[in-house]
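The following exercises concern cysteines, salt bridges and a loop glycine. Please examine the sequence and the model before reading the solutions.

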Amino acid sequence: MREGTGQWEGRDWNVVACARGEGYHQLAEALTRYGPVAPAGFFNVLVARVEDPTVLLEDLRRRLVEEEGLAGCLGRLVWVAETVDFADPAELEGELLRRSERWLPQLAGRTFHSRVRRRGLKGRLSGRTLERALNHHLVTRLRALGRPGYVSFRDPDWVLAVETVGPRAGLSWWDRVARRRYPFLGL
């Protein structure tokens with residue numbers, strides 16, 4: 001919050017939401033019940049801060065069935081488990097490689113891939129290059145541990161979602177069950 005204004009500026013986000021078509025304002029209003037919402041500074045993109053992601057995800061799942069208008073305005077929404085502030089793309093890559101290693105036990109013998117959605121830093125940060133680096137790093141580390149994992153883009157066991165908004169990135173892992181339960185993740 002900005003001191004004295006009561007307005008949240010969107011710096012400490014853990015949700016990235018993309019509106020569909022003309023649904024930006026409707027989506028912003030729909031998300032306010034879960035916590036503060038702010039413009040991300042990019043076309044049709046909002047950021048939010050929620051205390052309980054399970055409440056958000058489950059309630060949205062229900063509301064998308066019941067509220068036709070909401071389904072028309074929500075393009076995708078991803079909650080992120082942790083965020084990284086970075087000054088340059090190389091710093092981000094190193095930090096993501098380091099943090100992704102926590103997931104090596106879950107990835108052993110499984111299929112996975114990384115999905116990076118970049119907003120900002122055009123020409124300085126390539127989502128595809130970062131995806132390849134993450135995938136290569138995880139495969140290499142798993143092989144070194146004697147417990148190979150495999151990159152697959154066809155219904156993998158896990159997807160590493162990385163959402164960047166300017167100089168901040170959020171990351172979270174989504175298994176197949178969660179991706180099917182919450183199709184609005186867009187993974």
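Three exercises follow, each with a worked solution.

This is a predicted model, in which local features need pLDDT of at least 70, side-chain atom pairs count only at pLDDT 80 or more, and totals for chains, interfaces and linings use all residues. Residues are numbered from 1 along each chain as its sequence is written, and side-chain values use heavy atoms, with hydrogens and water left out.

**Exercise 1.** Determine how many disulfides the structure holds, and explain the result for Cys 18.

Solution. Step one is the criterion: a disulfide is a pair of cysteine sulfur atoms within 2.5 Å. Step two is the count, which is zero. Step three is the reason: the cysteine sulfur closest to that of Cys 18 belongs to Cys 73 and lies 12 Å away, so the distance is too far for a bond. Step four is the accessibility, where buried means under 20% relative accessible area, exposed over 50%, and partly exposed in between (1.4 Å probe, protein chains only). Cys 18 is buried at 15%, and Cys 73 is buried at 1%.

**Exercise 2.** Identify the salt-bridge partners of Glu 82 and of Asp 155, and state which parts of the chain these pairs tie together.

Solution. A salt bridge requires a side-chain nitrogen of Lys or Arg within 4 Å of a carboxyl oxygen of Asp or Glu; the whole structure contains 22 of them. Helices (H or I, at least four residues) and strands (E, at least two) are DSSP runs, numbered from the N terminus.

Step one: Glu 82 pairs with Arg 99, with the closest N and O atoms 2.8 Å apart. Because Glu 82 lies in strand β5 (residues 82-85) and Arg 99 in helix α4 (residues 89-100), the pair ties together parts 17 residues apart in sequence. Both residues are buried, Glu 82 having a relative accessible area of 18%.

Step two: Glu 82 also pairs with Arg 102, at 3.2 Å between the closest N and O atoms. Arg 102 lies in the loop between α4 and α5 (104-107), so this pair links that loop to strand β5 across 20 residues of sequence.

Step three: Asp 155 pairs with Arg 180 at 2.6 Å between the closest N and O atoms. The former lies in the loop between β7 (150-151) and β8 (158-165) and the latter in helix α7 (residues 176-181), so parts 25 residues apart in sequence are tied together. Asp 155 is partly exposed at 36%, whereas Arg 180 is exposed at 57%.

**Exercise 3.** Where is Gly 120 placed, and is this residue buried or exposed?

Solution. Gly 120 is in the loop between β6 (111-117) and α6 (127-144). Its relative accessibility of 16% makes Gly 120 buried. The C-alpha atoms of Gly 120 and Pro 167 are 7.9 Å apart, although 47 residues separate the two in sequence.
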